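Student: Hi! Could you help me look through this one? I'd like to start with one residue and work outwards.
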Protein chains: 2
Amino acid sequence: MAIKMYDLAGAEVNRRFSPYCWRIKLALKLKGLDFDTIPWRLTEKAEIARYRSERVPVIVDNGRAIADSWTIANYLEDTYPDRPLLFGGEPGRALARFYNQWTDVTLQGAIGPIVVADILTHLDARDRDYFRTTREARLGTTLETLETHRDSYLSALQQVLEPLRQTLAGQPYLAGNTPHYHDFIVFGAFQWARSISGARLVQATDPIDFWRQRLLDAFDGFARSAPGYW
Amino acid sequence: MAIKMYDLAGAEVNRRFSPYCWRIKLALKLKGLDFDTIPWRLTEKAEIARYRSERVPVIVDNGRAIADSWTIANYLEDTYPDRPLLFGGEPGRALARFYNQWTDVTLQGAIGPIVVADILTHLDARDRDYFRTTREARLGTTLETLETHRDSYLSALQQVLEPLRQTLAGQPYLAGNTPHYHDFIVFGAFQWARSISGARLVQATDPIDFWRQRLLDAFDGFARSAPGYW
């Protein structure tokens, strides 16, 4: 039976923009596991309360529910060890942790102010008030104010991206010649931005963009087929 | 025959403060290879010109010279594959590259302004003019100006360290339960600071400091036995 995965959607049901959900969708693809996504909106907390989570991704596999992208990735690796490895063994799994925290805190923290106002315009009407209130509280300013400073956030992002750029100038994937979960963690952040904002985070001549194009093409163009701007 | 390694020294011959040299000294320790260091000063470029390098570390192993920390680490892994692995196999080696670039650019970039004025006071007299001129040109300001802003640089560093902190709150080493080259890359930056500056970059209650203490203790306290402030 196919794995069921709750996946954050916008007003258009096919616009899937959670960076954490993208990590897991690509992990499921690498493992070659069948899955069906269930579109979920930010305010549908009741829908997943029975799985003891307030956020997506949540997967249900053979009646077992697992929440949180890191927990899910580990579950998939441990439950399906005979399929292609997400982490490439040890110490690859432990080494993925810093990629995870760097992406959550530093990378997504730098992308957030650039795209957050665009998220609002793509949200389902039910989610907009909730989104504006929680995000403006978290960011300490209005979404419109952030938008007026987009150029300076884009420029600050280029600094944050420099180590990634230098790394990908020398090798096709973060994990070497083939992509692993480490790549999906970081790629998820770009897929988040691509889904909801026309702001091009990296130019087409950037080694980061070459890597991004390779991952957009992976698994028969799975990530590229999702609605996106660039 | 023991490996020979050129190692950056201050006015005191035992004050060894190059973060890149620390990476390699710990790599040699993990491999269990005998080595002797040769103290080297910044202006002694003629000493290592025959090895086609202007910087340390440079190692000489059985008459072969290898320069640049990343190149040396790869040389050691490939030349001594039967000894403990620095990268933990593939994809560990490829995954180390981002740790390397993040440390070079982001982490050391954030630590530099905090410690650079203290480096000057520890340098051999011959190196001081060279150091001040090149560093002030690179940083675009005087060393004394940087020092007056130390508190704001220390505070900015805490942001940069957050993903590292979250990672090390969950596991003893970046590479898992035992240290690998990934750990040495990042630790080298802390050892650089410890050698030449009393500015404590992380508090003793920080998960980063617990990890740092473990690495100071490793290999019979090898890193701890070097002159340092904290």
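Student: Is B:R150 buried or exposed?

Tutor: In this predicted model, B:R150 counts as buried, because its relative accessibility is 19% and the cut-off for buried is under 20%.

Student: And what does the B:R150 side chain meet in a salt bridge?

Tutor: B:D118 is the partner, with N to O at 2.6 Å. The two residues link distant parts of the chain: B:R150 sits in helix 7 of chain B and B:D118 in helix 4 of chain B, 32 residues apart.

Student: Is B:D118 buried or exposed?

Tutor: B:D118 counts as buried, with a relative accessibility of 13%.

Student: Let's hop to chain A. Which residue does A:D104 meet in a salt bridge?

Tutor: The side chain of A:D104 meets that of A:R23, at 2.6 Å from N to O. A:D104 belongs to helix 4 of chain A and A:R23 to helix 1, so this pair ties together parts that are 81 residues apart in sequence.

Student: How accessible are those two?

Tutor: A:R23 is buried, at 0% relative accessibility. A:D104 is partly exposed, at 26%.

Student: What about A:R132, what does it pair with?

Tutor: A:R132 forms a salt bridge with A:E144, and their closest N and O atoms are 2.8 Å apart. Since A:R132 lies in helix 5 of chain A and A:E144 in helix 6, the pair ties together parts 12 residues apart in sequence. Both partners count as partly exposed, A:R132 at 28% and A:E144 at 40%.

Student: How many salt bridges does the structure hold over all chains?

Tutor: There are 35 over all chains.

Student: OK, new topic: how many salt bridges are there across the interface of chain A and chain B?

Tutor: Zero, by the rule used here. The rule does find six residue pairs in polar contact across that interface.

Student: Which helix of chain A gives the most to the side that touches chain B?

Tutor: That is helix 4 of chain A, with 10 residues. The residues on that side of chain A divide into 12 nonpolar, 10 polar and three charged.

Student: And what area is buried between the chains?

Tutor: About 2100 Å² is buried between chain A and chain B, and carbon and sulfur atoms give 70% of that. In chain A, the residues that lose the most area to chain B are A:L95, A:F98 and A:P163, together 30% of what that side buries.

Student: Last one: how many residues does each chain bring to the contact?

Tutor: Chain A brings 25 residues and chain B brings 25 residues.

Terms used
Residues are numbered from 1 along each chain as its sequence is written. Chains are lettered from A and ligands numbered from 1 in the order in which they are written. This is a predicted model: local features need pLDDT of at least 70, side-chain atom pairs count only at pLDDT 80 or more; totals for chains, interfaces and linings use all residues. Side-chain values use heavy atoms; hydrogens and water are left out. Contact means heavy atoms within 4.5 Å. Buried area is the accessible area (1.4 Å probe) that two parts lose on being put together, summed over both. A salt bridge is a side-chain nitrogen of Lys or Arg within 4 Å of a carboxyl oxygen of Asp or Glu. A polar contact is a pair of N or O atoms within 3.5 Å; within protein, one must be able to donate a hydrogen and the other to accept it, and residues adjacent in sequence count only if both atoms are side-chain atoms. Helices (H or I, at least four residues) and strands (E, at least two) are DSSP runs, numbered from the N terminus. Ala, Val, Leu, Ile, Met, Phe, Trp, Tyr, Cys and Pro count as nonpolar, Asp, Glu, Lys and Arg as charged, and the others, Gly among them, as polar. Buried means under 20% relative accessible area, exposed over 50%, partly exposed in between (1.4 Å probe, protein chains only).
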